[in-house]
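Colleague: I would like to learn how to read a few features of a structure with you. Could we go through them one at a time?

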Amino acid sequence: MKLNAIIVEDEETSREILKNYLKKYCPNINVLGEAANIEEALVLIRNNDLDVVFLDVEMPFGNAFDLLEKVGDINFETIFVTAYNHYAIDALNAHASYYLMKPISIDELIKAVDYVTEIKTKEDALQDQVLVPKTNVVNGKITIPQQDGFEVLETANILYCKADDNYTEIYLNNNKKKLVSKTLKYFEEALLGSSFARVHKSYLVNVNEVVKYVKGKGGSVILSNGKEVMVSASKKSDLLSYFK
């Protein structure tokens, strides 16, 4: 996997050496920029979505720990690169992923990058699991993927879901609507085991919100908000089985 990175190092020669090593031996590292001091580093960190920061400890007008304190909420891995081993404990306390000594050993650099790559791979795998809409039968919740994470909805608050090509419109009992880039079939499977019935090719309804059934070949249901949803003849028996 590709990892976005920056190099924070006050010595230009050291920056060039590390950048060349990464390019040659760690091709999955995408160096987005370089900083020679804390202020330059802060700009890069705040303006980029970073996976890892290669960080020298001693810099003019502050050190690596001052930088990390200024960043505050750290959402990237840190690989310390320094000529001094007495910062190791401080680096550990700052949750550093790896501690590289200068002059940089190529083997150690590769190990450091492999370690961070493994961390990021596991994080992405876990996130992918969470971002798959699914229900928790005990808690009655479903996760809805969003660009910046996911939203948790109470399944009891969902009135019905409506197909919109490859999207699904989720209608809630507070008159709000969520548009999700997943098919209705996807949500039918995600809500399996909950009180939701596929009553039509375009509709999945919360049967707890059904207040009336109107007879017909398939008929229709009236939901608690007054919405009438047609029922396909082929889905009629599935729906009525909830009310036996």
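Colleague: Let me start with one residue: is serine 220 buried or exposed?

Modeller: A word on the source before I answer: this is a predicted model, in which local features need pLDDT of at least 70 and side-chain atom pairs count only at pLDDT 80 or more, while totals for chains, interfaces and linings use all residues. Residues are numbered from 1 along each chain as its sequence is written, and side-chain values use heavy atoms, with hydrogens and water left out. Buried means under 20% relative accessible area, exposed over 50%, and partly exposed in between (1.4 Å probe, protein chains only). Serine 220 has a relative accessible area of 3%, so it is buried.

Colleague: Where is serine 220 placed, and what does its side chain make a polar contact with?

Modeller: Helices (H or I, at least four residues) and strands (E, at least two) are DSSP runs, numbered from the N terminus. Serine 220 belongs to strand S17. A polar contact is a pair of N or O atoms within 3.5 Å; within protein, one must be able to donate a hydrogen and the other to accept it, and residues adjacent in sequence count only if both atoms are side-chain atoms. Here the side chain of serine 220 pairs with that of glutamate 228 at 2.7 Å. Contact in general means heavy atoms within 4.5 Å. Beyond neighbours within four places in sequence, serine 220 touches residues including Lys212, Tyr213, Val229 and Met230.

Colleague: Now a helix: which residues of H2 are buried?

Modeller: In helix H2 (residues 38-47) they are Ile38, Ala41, Leu42, Leu44 and Ile45. The arc is taken from the directions from the helix axis to the C-beta atoms. These residues cover an arc of only 165° around the axis, which puts them on the same side of H2. The face turned away from that buried side carries the exposed Glu39, Arg46 and Asn47.

Colleague: What covers the buried residues of H2?

Modeller: The cover includes strands S1 (3-8), S2 (29-35), S4 (58-59) and S5 (62-63), together with helix H3 (64-71).

Colleague: How do I describe the way H2 and H3 pack?

Modeller: Two packed helices are described by the angle between their axes and the distance between the axes. Axes are lines fitted to C-alpha atoms, for helices over the stretch in contact, and angles run from 0 to 180 degrees between N-to-C directions. The axes of H2 and H3 come within 10 Å and cross at roughly 40°. That makes H2 oblique to H3; angles under 35 degrees count as roughly parallel, over 145 as roughly antiparallel, 65 to 115 as roughly perpendicular and the rest as oblique. On the H2 side, Ile38, Glu39, Ala41, Leu42, Ile45 and Arg46 meet Asp66, Leu67, Lys70 and Val71 of H3.

Colleague: And what caps the N-terminal end of H2?

Modeller: Asparagine 37 does, with a side-chain oxygen 3.2 Å from the backbone nitrogen of glutamate 39.

Colleague: Which backbone features should I look at in the loops?

Modeller: Try aspartate 165, with a positive phi of about 55° although it is not a glycine. Aspartate 165 sits in the loop between strands S11 (158-164) and S12 (167-172), and is exposed at 71% relative accessible area. Then look at the peptide bond from lysine 102 to proline 103, which is cis with omega near -5°. Proline 103 lies in the loop between strand S7 (98-101) and helix H5 (106-131).
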